Amino acid sequence: MRNKTQYSTPKTPKNLIRQRLLAALSLTIGTGLLVVFTSLGHGAMSIAYSRYLPVSPTVSSSPLSLSPSPRPHPLPTTLAQWQDNTNSGDYFSQVTTTEVGYLIWSKFPIKVYVETPKAVSEKQAQVWVKSILEAVQEWNTYLPVTVVQQPEVADITIVRKAPPLQISPGSNIPRARSAQTTYELYTNNKVLFHRFTILLSPSQTGEYIQAAARHELGHALGIWGHSPLQTDALYFSQVRKPSPISVRDVNTLKRVYEQPTSLGWSLVDNLNN
């Protein structure tokens with residue numbers, strides 16, 4: 001029987017974005033791209049938003065916030081038309097909000113870049129990429145998603161790479177993980193955006209490659225949390241027989257997209273109010 005790989009609950013630091021946005025915004029001149037946060041490990045000033053590696057920043061008590069006021073975006077057509085006739089419910093209560101609200105995309109289609117592995121044979125690389133693309137197409141049924149060939153324009157980047165080892169709370173013993181999803185915030189033309197990086201362990205084989213991609217893409221598309229039911233793709237643990245995207249997964253996704261967020265809104269409007 002396959003061992004289960006535990007997924008830990010997403011955690012995000014509090015009040016950190018207010019501090020960083022204030023500092024970063026003071027250095028902004030004109031328009032263009034300003035990276036506010038990058039994934040952990042890219043430099044001394046990097047801050048990671050990771051389901052596995054939460055950071056413990058200094059918390060500011062200042063009420064000042066330069067992030068845009070959270071507001072809802074119009075539902076994308078695919079979710080607006082979605083109807084659950086089975087009354088299957090959802091697990092929205094398990095979705096974690098962040099300092100910028102819910103992790104909602106407002107520009108579609110969401111652009112996904114799948115990096116072709118180079119440390120394996122061409123045949124193995126093709127099989128891996130095919131599995132990832134199939135997971136992308138599964139989610140495309142519910143949110144507009146497209147695959148791009150240029151990593152610099154991607155909203156979500158998927159890489160076949162072992163995630164950093166995780167130290168479990170109360171233990172000094174590191175353990176391997178099957179996947180890691182992180183996001184970073186940036187501004188473009190003074191509008192707050194985000195993008196994701198997904199690492200999928202090379203140890204994943206067969207149907208588990210697609211299952212891991214399906215699960216992590218669910219997080220990257222906005223479900224920043226886990227389901228308590230094995231029949232959902234976002235179940236918190238890897239299981240022997242992976243589940244496809246369920247009605248409950250889509251119900252949860254739709255509820256997320258009905259929520260307010262600072263993402264996709266202008267920082268200028270907030271300053272002028």
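A residue counts as buried when its relative accessible area is under 20%, and as exposed when that area is over 50%. Keep that cut-off in mind while looking at this predicted model.

**Ser262, tucked in a loop**

Let's start with one serine. Ser262 sits in the loop that runs between α5 (247-257) and α6 (267-272). Its relative accessibility is just 1%, so Ser262 is classed as buried. What does Ser262 touch, leaving aside residues up to four places away in sequence? The list is Ser67, Pro68, Ser69, Pro70, Val100 and Leu192.

**The helix before that loop**

Now step back to α5, which is mostly covered: 9 of its 11 residues are buried. Those buried residues are Arg248, Asp249, Val250, Asn251, Thr252, Leu253, Lys254, Val256 and Tyr257, so by the under-20% cut-off charged names such as Arg248 and Lys254 are on the list too. Which helices do the buried residues of α5 pack against? They pack against α2 (77-80) and α3 (122-140). At the N-terminal end, α5 is capped by Ser246, with a side-chain oxygen of Ser246 lying 3.3 Å from the backbone nitrogen of Arg248.

**The second largest pocket**

Next, some empty space. The second largest pocket has a volume of about 330 Å³. It is lined by 20 residues, and those closest to its centre are Lys107, Lys111, Asp155, Tyr186 and Phe193. Two strands, β8 (179-188) and β9 (191-200), each put at least two residues into the lining of this pocket. The largest share comes from β9, with 4 residues. Sorted by class, the lining looks like this:

| Class of lining residue | Number in the second largest pocket |
|---|---|
| Nonpolar | 11 residues |
| Polar | 4 residues |
| Charged | 5 residues |

**The protein overall**

Finally, the wider view. The protein's secondary structure adds up to 6 helices and 9 strands. It has 273 residues, and 49% of them count as buried. Take the contacts between residues at least 6 apart in sequence: 76% of these join residues at least 24 apart. As for the outside, the accessible surface comes to about 13400 Å², and carbon and sulfur atoms account for 53% of it.

Conventions:
Residues numbered from 1 in each chain as written. Predicted model: local features only at pLDDT ≥ 70, side-chain atom pairs only at ≥ 80, totals over all residues. Heavy atoms only, no water. 1 Å grid on protein atoms, 1.4 Å probe; cavity = no way out; pocket = protein on both sides within 12 Å on 5 of 7 lines; lining within 4 Å. Points joined across faces, edges and corners; volume = space filled by probe spheres on them. Buried < 20%, exposed > 50% of the residue type's maximum accessible area, 1.4 Å probe, protein only. Contact = heavy atoms within 4.5 Å. Polar contact = N/O pair within 3.5 Å; in protein donor to acceptor, adjacent residues only side chain to side chain. Areas by Shrake-Rupley, 256 points an atom, 1.4 Å probe, with all protein chains shown as cover.
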